[in-house]
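Q: Please take a close look at the side-chain contacts of this chain: the cysteines, the aromatic rings and the charges set against them. Cover the loop residues beside them too.

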Amino acid sequence: MSETSKAGGLAGVTAGQTAISTVGKEGVGLTYRGYSIEDLAQDATFEEVAYLLLNGEPPKATERDAFIRSLGAARALPEPMRELLEKLPATAHPMDVLRTGCSYLGCLEPERDFSAGLGASIRLLAAFPSILLYWYHYHQNGRRIDTRQGGRSIASHFLTLLHGREPEPLDCRALDVSLILYAEHEFNASTFAARVCAGTLSDYHSCITSAIGTLRGPLHGGANEAAMEMISRYETPEAARTGTLAALARKEKIMGFGHRVYRDHDPRNTIIKDWAQRLGAARGDRRYYPVSEAIEQVLWEEKKLFPNLDFYSASAYHFLGIPPTLFTPVFVCSRVSGWSAHVFEQRANNRLIRPDAEYIGPAPRPWAVRAGR
Ligand SMILES: CC(C)(COP(=O)(O)OP(=O)(O)OC[C@H]1O[C@@H](n2cnc3c(N)ncnc32)[C@H](O)[C@@H]1OP(=O)(O)O)[C@@H](O)C(=O)NCCC(=O)NCCS
């Protein structure tokens with residue numbers, strides 16, 4: 001048996017090259033196109049980061065303004081899309097709505113050839129909040145919202161559509177930073193799925209639809225929703241300690257902790273934890289942030305496990321008034337920038353992605369069934 005198959009899950013395997021980001025490299029941390037995540041979260045906007053990922057270099061002021069104008073113009077949903085969203089069940093998971101919406105946009109506005117890929121990515125970046133929140137409001141309160149409203153940024157678009165009013169600057173910047181943190185993460189499972197699809201020379205919308213389906217699971221993007229469900233179970237830090245110790249004793253996985261690549265911390269956690277604390281303080285929270293810290297402490301003491309980006313994103317999104325089932329869809333609204341960059345990178349130097357498998361089934365044997373012919 002090879003070392004690879006013993007480890008399982010392709011752990012430690014270098015599956016290709018990328019110039020888009022580094023994850024967990026000694027002394028480098030997380031970078032997007034060479035820029036540290038700390039600098040980007042401090043000084044950039046999500047739109048600048050999305051432009052950087054898609055184009056390889058940061059935008060000049062005129063390019064940034066043109067990019068923001070293109071995003072603003074791409075928020076409107078065509079009538080057939082609105083009809084589809086109205087027909088989808090109110091009980092659907094919002095991730096299924098985004099997956100379906102993405103696939104349907106590929107029917108309505110197909111990528112005719114690969115030169116249209118960048119335009120299709122701008123369309124999806126702008127349209128995902130519209131698709132999600134049009135469906136949400138129609139089924140929650142029967143309202144057909146105008147998805148074109150909502151300020152210049154994707155964060156303000158999202159929060160305006162969700163709450164029906166202009167967001168506070170603190171809330172808007174908190175979501176903006178969270179979108180920066182979620183934008184890109186090298187060969188994670190959903191990005192790899194997008195690249196496998198791109199490697200067959202399939203169309204852009206198929207690549208992103210594959211990625212959304214892969215992100216949905218609780219071991220990947222679904223962890224932020226699952227973490228909120230767990231945090232909400234506890235009223236006090238003491239109850240959180242007791243409950244978490246009991247869960248560990250039952251050998252349960254605690255969502256929002258651990259990572260395949262990072263060994264002792266996730267650099268994105270320091271940033272989102274700080275924002276969760278600021279948002280909690282602004283709302284006079286005395287429950288969710290202290291409960292989260294108690295869980296973090298137990299995981300470190302008992303298992304040396306550290307929070308990943310998803311853990312404190314949960315309480316941060318809660319403070320922003322985002323319902324838990326929309327947490328992973330927010331991840332989609334951001335990560336579509338990284339997925340798209342990877343699709344374009346794969347296409348630029350493509351070879352079909354098709355690994356070998358180690359066969360562990362029965363030895364060759366004769367087919368002896370004759371009956372019924
Ligand atoms: C991220 C994750 C999938 C990485 O998985 P992986 O590299 O395949 O590591 P494994 O799942 O094999 O875990 C290795 C060991 O750590 C334990 N472990 C890892 N994450 C754990 C967690 N969140 N809670 C409890 N135990 C955990 C495993 O039980 C396993 O212990 P064992 O060797 O005694 O069986 C894993 O840490 C996890 O499931 N985390 C929770 C989901 C999550 O937050 N996902 C978002 C990732 S950004």
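A: A disulfide is a pair of cysteine sulfur atoms within 2.5 Å. The model is predicted, so local features need pLDDT of at least 70, side-chain atom pairs need 80 or more, and totals for chains, interfaces and linings use all residues. Residues are numbered from 1 along each chain as its sequence is written, and side-chain values use heavy atoms, without hydrogens or water.

Start with the cysteines. The structure holds zero disulfides. C197 is in none, and the nearest cysteine sulfur, that of C207, is 4.0 Å away. Seen from the other side, the sulfur of C207 has C197 as its closest cysteine partner, and 4.0 Å is too far for a bond. Both residues are covered. C197 counts as buried at 14% relative accessibility (buried is under 20% relative accessible area, exposed over 50%, partly exposed in between, with a 1.4 Å probe and protein chains only). C207 is buried as well, at 0%. So C197 and C207 face a 4.0 Å sulfur gap, too far for a bond.

Now the rings. The structure holds nine aromatic pairs (rings of Phe, Tyr and Trp, the last by its six-membered ring, with centres within 6.5 Å; planes under 30 degrees apart are stacked, over 60 edge-to-face, the rest tilted). One of them joins Y288 and F319: the centres are 6.5 Å apart, the planes stand at 80 degrees, and the geometry is edge-to-face. Y288 belongs to helix 15 (residues 288-303) and F319 to helix 16 (residues 309-319), so this pair ties together parts that are 31 residues apart in sequence (helices are DSSP runs of H or I, at least four residues, and strands runs of E, at least two, numbered from the N terminus). Y288 is buried, with a relative accessible area of 16%. F319 is buried at 6%.

Another pair follows. Y317 and F327 have ring centres 5.4 Å apart and planes at 80 degrees, so they too are edge-to-face. Here Y317 sits in helix 16 and F327 in helix 17, and the pair links distant parts of the chain, 10 residues apart. Y317 is buried at 1% relative accessibility, and F327 at 0%. Helix 16 therefore supplies a ring to each contact: F319 in the one with helix 15, Y317 in the one with helix 17.

Rings also gather in a group. F257, Y289, F311 and Y312 form one aromatic cluster.

Two arginines meet ring faces (a charge sits over a ring if NZ of Lys or CZ of Arg is within 6 Å of the ring centre and within 35 degrees of the ring normal). The charged end of R278 sits over the ring of W275, 4.0 Å from its centre. R347 lies over the face of F114, with 3.6 Å to the ring centre.

The loops come next. P323 lies in the loop between helix 16 and helix 17. That proline is buried, at 19% relative accessible area. Its C-alpha is 15 Å from that of Y312, and the two residues are 11 apart along the chain. Y312 is one of the cluster residues.

The loop between helix 13 (237-249) and helix 14 (267-282) holds K253. K253 is exposed, at 64% relative accessibility. The C-alpha atoms of K253 and L219 are separated by 9.5 Å, with their positions 34 residues apart in the chain. K251 is in the loop between helix 13 and helix 14 as well. This lysine is exposed at 76%. Its phi is near 65 degrees, a positive value in a residue other than glycine.

L201 also has a positive phi, near 65 degrees, and is not a glycine. L201 is found in the loop between helix 10 and helix 11 (204-215). As background, most residues other than glycine have a negative phi.

To sum up the burial: Y317 is buried at 1%, F327 at 0% and C207 at 0%, whereas K253 is exposed at 64% and K251 at 76%.
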